[in-house]
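Here are my comments on the model you sent. Please read them with the structure open.

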Amino acid sequence: MTTTSAPPAPATPRLAGGAKGRQEKAVLLVLGSCTSFQFGAALATHLFPVTGAVGATLLRLGLAAIVLLAVTRPRVRGWSRAQWRSVVLFGVSLAGMNGFYYAALARLPLSAAVTIQFLGPLTLSAALSRRWRDGCWIVLALLGVLTLGLADRHGGGGGGLDPLGVVFALVSAAFWALYIVAGSRAGAAVPGRSGVAVAMTAGALVLLPFGALGAWHVVGRPAPMLLALGVALLASVVPYTLEFAAMRRAPRRVFGILLSLDPALATLAGWLLLRQHSSPVAIAAVAVVITASVGSTLSARDSNNQSR
(Lines give C-alpha, C1' and ligand atoms only; values in the text may rest on other atoms or scores of the structure.)
Protein backbone atom coordinates (compact mmCIF):
# COMPACT_ATOMS: atom_id res chain seq x y z
CA MET A 1 0.00 0.00 0.00
CA THR A 2 1.56 3.30 -1.06
CA THR A 3 1.93 6.28 1.25
CA THR A 4 1.59 9.98 0.48
CA SER A 5 2.73 13.16 2.16
CA ALA A 6 0.63 14.53 4.99
CA PRO A 7 -2.46 16.36 3.68
CA PRO A 8 -3.62 19.73 4.97
CA ALA A 9 -5.81 19.69 8.08
CA PRO A 10 -9.20 20.14 6.33
CA ALA A 11 -8.69 16.96 4.28
CA THR A 12 -7.78 14.72 7.24
CA PRO A 13 -11.32 13.53 8.12
CA ARG A 14 -11.95 12.62 4.50
CA LEU A 15 -8.70 10.63 4.33
CA ALA A 16 -9.55 8.79 7.54
CA GLY A 17 -12.99 8.02 6.14
CA GLY A 18 -11.39 6.63 2.99
CA ALA A 19 -9.11 4.37 5.04
CA LYS A 20 -12.10 3.21 7.07
CA GLY A 21 -13.99 2.43 3.87
CA ARG A 22 -11.09 0.41 2.48
CA GLN A 23 -10.82 -1.54 5.74
CA GLU A 24 -14.53 -2.37 5.83
CA LYS A 25 -14.55 -3.34 2.16
CA ALA A 26 -11.62 -5.69 2.82
CA VAL A 27 -13.70 -7.40 5.52
CA LEU A 28 -16.57 -7.96 3.09
CA LEU A 29 -14.21 -9.21 0.39
CA VAL A 30 -12.57 -11.72 2.74
CA LEU A 31 -15.95 -12.87 4.06
CA GLY A 32 -17.18 -13.51 0.53
CA SER A 33 -13.94 -15.27 -0.37
CA CYS A 34 -13.98 -17.59 2.65
CA THR A 35 -17.64 -18.49 2.13
CA SER A 36 -17.14 -19.34 -1.53
CA PHE A 37 -13.91 -21.23 -0.87
CA GLN A 38 -15.29 -23.51 1.84
CA PHE A 39 -18.43 -24.42 -0.07
CA GLY A 40 -16.23 -25.16 -3.09
CA ALA A 41 -13.99 -27.35 -0.91
CA ALA A 42 -17.02 -29.28 0.33
CA LEU A 43 -18.05 -29.95 -3.27
CA ALA A 44 -14.49 -30.97 -4.19
CA THR A 45 -14.62 -33.95 -1.81
CA HIS A 46 -17.08 -35.56 -4.24
CA LEU A 47 -14.36 -35.50 -6.91
CA PHE A 48 -11.78 -37.34 -4.80
CA PRO A 49 -13.06 -40.88 -5.58
CA VAL A 50 -12.62 -40.16 -9.30
CA THR A 51 -9.56 -37.92 -9.51
CA GLY A 52 -7.76 -38.17 -6.18
CA ALA A 53 -6.88 -35.12 -4.12
CA VAL A 54 -4.08 -33.81 -6.37
CA GLY A 55 -6.09 -34.46 -9.54
CA ALA A 56 -8.98 -32.47 -8.11
CA THR A 57 -6.61 -29.63 -7.21
CA LEU A 58 -5.15 -29.60 -10.72
CA LEU A 59 -8.60 -29.52 -12.29
CA ARG A 60 -9.66 -26.72 -9.99
CA LEU A 61 -6.65 -24.49 -10.63
CA GLY A 62 -6.44 -25.37 -14.33
CA LEU A 63 -10.08 -24.65 -15.11
CA ALA A 64 -9.95 -21.50 -12.98
CA ALA A 65 -6.85 -20.35 -14.89
CA ILE A 66 -8.63 -20.86 -18.22
CA VAL A 67 -11.62 -18.81 -17.04
CA LEU A 68 -9.47 -15.99 -15.65
CA LEU A 69 -7.19 -15.87 -18.70
CA ALA A 70 -10.22 -15.59 -20.97
CA VAL A 71 -11.74 -12.82 -18.85
CA THR A 72 -8.66 -10.75 -18.03
CA ARG A 73 -6.49 -11.36 -21.13
CA PRO A 74 -3.35 -10.29 -19.25
CA ARG A 75 -0.74 -8.32 -21.16
CA VAL A 76 2.49 -9.76 -19.85
CA ARG A 77 4.97 -8.59 -22.50
CA GLY A 78 5.86 -5.48 -20.56
CA TRP A 79 6.29 -7.21 -17.23
CA SER A 80 9.62 -6.79 -15.51
CA ARG A 81 11.61 -9.66 -14.05
CA ALA A 82 10.54 -8.59 -10.54
CA GLN A 83 6.86 -8.72 -11.55
CA TRP A 84 7.25 -12.20 -13.02
CA ARG A 85 9.10 -13.37 -9.92
CA SER A 86 6.39 -12.12 -7.57
CA VAL A 87 3.54 -13.64 -9.62
CA VAL A 88 5.28 -17.02 -10.08
CA LEU A 89 5.99 -17.20 -6.35
CA PHE A 90 2.31 -16.45 -5.78
CA GLY A 91 1.44 -19.33 -8.11
CA VAL A 92 3.78 -21.74 -6.30
CA SER A 93 2.16 -20.81 -2.99
CA LEU A 94 -1.27 -21.46 -4.52
CA ALA A 95 -0.19 -24.90 -5.73
CA GLY A 96 1.32 -25.90 -2.39
CA MET A 97 -1.47 -24.51 -0.25
CA ASN A 98 -4.25 -26.13 -2.25
CA GLY A 99 -2.50 -29.40 -3.11
CA PHE A 100 -1.66 -30.23 0.49
CA TYR A 101 -5.01 -28.90 1.73
CA TYR A 102 -6.96 -31.26 -0.52
CA ALA A 103 -4.64 -34.12 0.50
CA ALA A 104 -5.52 -33.31 4.13
CA LEU A 105 -9.20 -32.96 3.27
CA ALA A 106 -9.20 -36.53 1.91
CA ARG A 107 -8.23 -37.74 5.42
CA LEU A 108 -9.76 -35.20 7.81
CA PRO A 109 -13.16 -33.55 8.36
CA LEU A 110 -13.49 -30.18 6.63
CA SER A 111 -13.52 -28.11 9.83
CA ALA A 112 -10.51 -29.97 11.32
CA ALA A 113 -8.45 -29.55 8.14
CA VAL A 114 -9.14 -25.82 7.96
CA THR A 115 -8.58 -25.40 11.69
CA ILE A 116 -5.08 -26.87 11.47
CA GLN A 117 -4.37 -25.06 8.21
CA PHE A 118 -5.30 -21.73 9.77
CA LEU A 119 -2.24 -21.93 12.01
CA GLY A 120 -0.31 -20.56 9.00
CA PRO A 121 -1.95 -17.13 8.71
CA LEU A 122 -2.39 -16.99 12.48
CA THR A 123 1.35 -17.46 13.02
CA LEU A 124 2.07 -14.85 10.36
CA SER A 125 -0.27 -12.39 12.08
CA ALA A 126 1.51 -12.99 15.37
CA ALA A 127 4.91 -12.44 13.75
CA LEU A 128 3.80 -9.14 12.19
CA SER A 129 2.08 -7.83 15.33
CA ARG A 130 3.65 -4.90 17.16
CA ARG A 131 1.10 -4.05 19.89
CA TRP A 132 0.06 -6.05 22.95
CA ARG A 133 -3.64 -5.51 22.15
CA ASP A 134 -3.14 -7.12 18.75
CA GLY A 135 -1.45 -10.03 20.48
CA CYS A 136 -4.48 -10.51 22.74
CA TRP A 137 -6.80 -10.86 19.74
CA ILE A 138 -4.41 -13.32 18.15
CA VAL A 139 -4.23 -15.41 21.32
CA LEU A 140 -8.03 -15.41 21.54
CA ALA A 141 -8.28 -16.55 17.91
CA LEU A 142 -5.71 -19.27 18.57
CA LEU A 143 -7.67 -20.55 21.57
CA GLY A 144 -10.83 -20.67 19.46
CA VAL A 145 -9.06 -22.48 16.63
CA LEU A 146 -7.51 -25.07 18.97
CA THR A 147 -10.80 -25.62 20.76
CA LEU A 148 -12.57 -26.10 17.45
CA GLY A 149 -10.00 -28.71 16.43
CA LEU A 150 -10.21 -30.58 19.73
CA ALA A 151 -14.02 -30.50 19.73
CA ASP A 152 -14.24 -32.00 16.25
CA ARG A 153 -14.94 -35.71 16.61
CA HIS A 154 -16.64 -36.34 13.30
CA GLY A 155 -15.73 -39.55 11.56
CA GLY A 156 -13.35 -40.67 14.27
CA GLY A 157 -15.61 -42.28 16.83
CA GLY A 158 -14.05 -40.03 19.43
CA GLY A 159 -10.53 -41.10 18.37
CA GLY A 160 -7.63 -39.03 17.12
CA LEU A 161 -7.22 -37.42 13.74
CA ASP A 162 -5.36 -39.12 10.90
CA PRO A 163 -1.64 -38.31 11.49
CA LEU A 164 -0.77 -38.03 7.79
CA GLY A 165 -3.78 -35.76 7.28
CA VAL A 166 -2.53 -33.53 10.10
CA VAL A 167 0.94 -33.36 8.47
CA PHE A 168 -0.59 -32.41 5.13
CA ALA A 169 -2.66 -29.69 6.82
CA LEU A 170 0.43 -28.29 8.57
CA VAL A 171 2.38 -28.15 5.30
CA SER A 172 -0.61 -26.40 3.72
CA ALA A 173 -0.55 -23.95 6.64
CA ALA A 174 3.04 -23.00 5.83
CA PHE A 175 2.11 -22.43 2.19
CA TRP A 176 -0.90 -20.37 3.33
CA ALA A 177 1.41 -17.99 5.17
CA LEU A 178 3.58 -17.79 2.04
CA TYR A 179 0.43 -17.14 0.00
CA ILE A 180 -0.40 -14.06 2.08
CA VAL A 181 3.10 -12.61 1.72
CA ALA A 182 3.47 -13.50 -1.97
CA GLY A 183 -0.05 -12.40 -2.83
CA SER A 184 0.45 -9.04 -1.15
CA ARG A 185 3.63 -8.45 -3.15
CA ALA A 186 2.05 -9.62 -6.40
CA GLY A 187 -0.97 -7.39 -5.80
CA ALA A 188 1.32 -4.40 -5.39
CA ALA A 189 3.45 -5.32 -8.41
CA VAL A 190 0.74 -6.18 -10.95
CA PRO A 191 -2.42 -4.07 -11.46
CA GLY A 192 -5.89 -5.53 -11.93
CA ARG A 193 -6.64 -9.26 -11.99
CA SER A 194 -3.84 -10.20 -14.37
CA GLY A 195 -1.64 -11.35 -11.50
CA VAL A 196 -4.27 -13.83 -10.28
CA ALA A 197 -4.77 -15.29 -13.77
CA VAL A 198 -1.07 -15.81 -14.42
CA ALA A 199 -0.42 -17.09 -10.88
CA MET A 200 -3.26 -19.60 -11.24
CA THR A 201 -1.71 -20.80 -14.50
CA ALA A 202 1.70 -21.17 -12.85
CA GLY A 203 0.13 -23.11 -9.97
CA ALA A 204 -1.61 -25.49 -12.36
CA LEU A 205 1.67 -26.11 -14.20
CA VAL A 206 3.40 -26.93 -10.91
CA LEU A 207 0.73 -29.56 -10.15
CA LEU A 208 0.57 -31.00 -13.67
CA PRO A 209 3.15 -33.80 -13.19
CA PHE A 210 1.45 -34.96 -9.97
CA GLY A 211 -2.24 -34.68 -10.86
CA ALA A 212 -2.48 -35.22 -14.61
CA LEU A 213 -3.37 -38.92 -14.35
CA GLY A 214 -6.16 -38.31 -11.84
CA ALA A 215 -7.54 -35.33 -13.75
CA TRP A 216 -7.60 -37.39 -16.95
CA HIS A 217 -10.29 -39.64 -15.41
CA VAL A 218 -12.96 -36.94 -15.84
CA VAL A 219 -12.31 -36.46 -19.56
CA GLY A 220 -15.42 -37.43 -21.51
CA ARG A 221 -17.53 -37.65 -18.35
CA PRO A 222 -19.95 -34.69 -18.26
CA ALA A 223 -21.10 -34.99 -14.62
CA PRO A 224 -17.63 -34.98 -12.97
CA MET A 225 -16.43 -32.32 -15.42
CA LEU A 226 -19.36 -30.06 -14.54
CA LEU A 227 -18.66 -30.63 -10.85
CA ALA A 228 -14.99 -29.76 -11.40
CA LEU A 229 -15.97 -26.53 -13.16
CA GLY A 230 -18.23 -25.62 -10.24
CA VAL A 231 -15.39 -26.28 -7.81
CA ALA A 232 -13.05 -24.14 -9.92
CA LEU A 233 -15.47 -21.21 -9.84
CA LEU A 234 -16.40 -21.49 -6.15
CA ALA A 235 -13.00 -22.43 -4.75
CA SER A 236 -10.63 -20.52 -7.06
CA VAL A 237 -12.05 -17.87 -9.42
CA VAL A 238 -14.33 -16.15 -6.92
CA PRO A 239 -12.27 -16.40 -3.69
CA TYR A 240 -8.84 -15.57 -5.10
CA THR A 241 -10.19 -12.63 -7.10
CA LEU A 242 -11.81 -11.27 -3.93
CA GLU A 243 -8.75 -11.95 -1.77
CA PHE A 244 -6.41 -10.34 -4.30
CA ALA A 245 -8.54 -7.20 -4.05
CA ALA A 246 -8.63 -7.43 -0.24
CA MET A 247 -4.84 -7.67 -0.05
CA ARG A 248 -4.63 -4.22 -1.61
CA ARG A 249 -6.89 -2.76 1.09
CA ALA A 250 -5.67 -4.38 4.31
CA PRO A 251 -2.23 -4.91 5.92
CA ARG A 252 -0.95 -8.49 5.98
CA ARG A 253 -1.55 -8.83 9.73
CA VAL A 254 -5.17 -7.74 9.42
CA PHE A 255 -5.70 -9.91 6.35
CA GLY A 256 -4.27 -12.90 8.17
CA ILE A 257 -6.52 -12.52 11.21
CA LEU A 258 -9.58 -11.95 9.00
CA LEU A 259 -8.99 -15.42 7.57
CA SER A 260 -9.84 -16.77 11.03
CA LEU A 261 -13.40 -16.80 9.69
CA ASP A 262 -12.39 -19.79 7.56
CA PRO A 263 -12.73 -22.46 10.30
CA ALA A 264 -16.19 -21.16 11.17
CA LEU A 265 -17.36 -21.22 7.57
CA ALA A 266 -15.77 -24.64 7.07
CA THR A 267 -17.83 -25.96 9.97
CA LEU A 268 -20.97 -24.53 8.38
CA ALA A 269 -20.14 -25.94 4.94
CA GLY A 270 -19.32 -29.35 6.40
CA TRP A 271 -22.64 -29.41 8.23
CA LEU A 272 -24.76 -28.26 5.28
CA LEU A 273 -23.10 -30.21 2.46
CA LEU A 274 -21.28 -33.15 4.06
CA ARG A 275 -23.43 -33.83 7.14
CA GLN A 276 -20.44 -33.32 9.42
CA HIS A 277 -22.14 -32.29 12.64
CA SER A 278 -20.40 -30.14 15.27
CA SER A 279 -20.79 -30.17 19.03
CA PRO A 280 -21.96 -27.16 21.09
CA VAL A 281 -18.34 -26.68 22.18
CA ALA A 282 -17.29 -26.37 18.53
CA ILE A 283 -20.02 -23.82 17.88
CA ALA A 284 -18.83 -21.80 20.89
CA ALA A 285 -15.28 -21.97 19.54
CA VAL A 286 -16.52 -20.62 16.21
CA ALA A 287 -18.06 -17.65 18.03
CA VAL A 288 -14.75 -16.98 19.79
CA VAL A 289 -12.85 -17.02 16.50
CA ILE A 290 -15.29 -14.61 14.88
CA THR A 291 -15.07 -12.29 17.91
CA ALA A 292 -11.27 -12.25 17.65
CA SER A 293 -11.44 -11.52 13.93
CA VAL A 294 -13.84 -8.61 14.36
CA GLY A 295 -11.92 -7.28 17.36
CA SER A 296 -8.61 -7.33 15.52
CA THR A 297 -10.12 -5.54 12.54
CA LEU A 298 -11.65 -2.79 14.69
CA SER A 299 -8.40 -2.45 16.63
CA ALA A 300 -6.42 -2.02 13.41
CA ARG A 301 -8.90 0.56 12.14
CA ASP A 302 -8.65 2.57 15.36
CA SER A 303 -4.86 2.41 15.17
CA ASN A 304 -4.91 3.73 11.60
CA ASN A 305 -7.21 6.60 12.57
CA GLN A 306 -5.03 7.58 15.55
CA SER A 307 -1.87 7.56 13.46
CA ARG A 308 -3.29 10.24 11.13
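The points below take up two helix pairs and then three single residues.

1. A word on the source. This is a predicted model. Every value quoted here is computed from it.

2. Helix 2 with helix 8. Helix 2 covers residues 48–72 and helix 8 covers residues 194–216. Their axes come within 7 Å. The crossing angle is roughly 150 degrees. Angles over 145 degrees count as roughly antiparallel, and helix 2 and helix 8 are therefore roughly antiparallel to each other. The crossing of this pair is left-handed. As for residue classes, the contact of helix 2 with helix 8 has 18 nonpolar and nine polar residues. Charged residues are absent from this contact.

3. Helix 7 with helix 9. How do these two helices lie, and at roughly what angle do their axes cross? Helix 7 (residues 163–189) and helix 9 (residues 222–247) have axes that come within 9 Å and cross at roughly 70 degrees. The range for roughly perpendicular is 65 to 115 degrees, so helix 7 and helix 9 are roughly perpendicular to each other. From helix 7, the contact uses Y179, I180, G183, S184, A186 and G187. From helix 9, Y240, E243, F244 and M247 take part. By class, the residues of this contact are six nonpolar, three polar and one charged.

4. R73. Look at the backbone here. R73 is not a glycine, yet its phi is positive, at about 45 degrees. The residue sits in the loop between helix 2 and helix 3. Is R73 buried or exposed? Its relative accessible area is 67%. The cut-off for exposed is over 50%, so R73 is exposed.

5. S194. This serine belongs to helix 8. Leaving aside residues up to four places away in sequence, S194 touches P74 and W79. Its relative accessible area is 16%. Buried means under 20%, so S194 is buried.

6. A106. The loop between helix 3 (81–105) and helix 4 (110–117) holds A106. Which class does its accessibility give? The relative accessibility of A106 is 46%. Partly exposed lies between the 20% and 50% cut-offs, so A106 counts as partly exposed. A106 also pairs up with P49 across the sequence: 57 residues separate them along the chain, while their C-alpha atoms are 9.5 Å apart in space. P49 falls within the residue range of helix 2, 48–72.

Notes
Residues are numbered from 1 along each chain as its sequence is written. This is a predicted model: local features need pLDDT of at least 70, side-chain atom pairs count only at pLDDT 80 or more; totals for chains, interfaces and linings use all residues. Side-chain values use heavy atoms; hydrogens and water are left out. Axes are lines fitted to C-alpha atoms, for helices over the stretch in contact, and angles run from 0 to 180 degrees between N-to-C directions. Helices (H or I, at least four residues) and strands (E, at least two) are DSSP runs, numbered from the N terminus. Angles under 35 degrees count as roughly parallel, over 145 as roughly antiparallel, 65 to 115 as roughly perpendicular and the rest as oblique. A crossing is left-handed if the near helix is turned anticlockwise from the far one by less than a right angle, and right-handed if clockwise. Ala, Val, Leu, Ile, Met, Phe, Trp, Tyr, Cys and Pro count as nonpolar, Asp, Glu, Lys and Arg as charged, and the others, Gly among them, as polar. Buried means under 20% relative accessible area, exposed over 50%, partly exposed in between (1.4 Å probe, protein chains only). Contact means heavy atoms within 4.5 Å.
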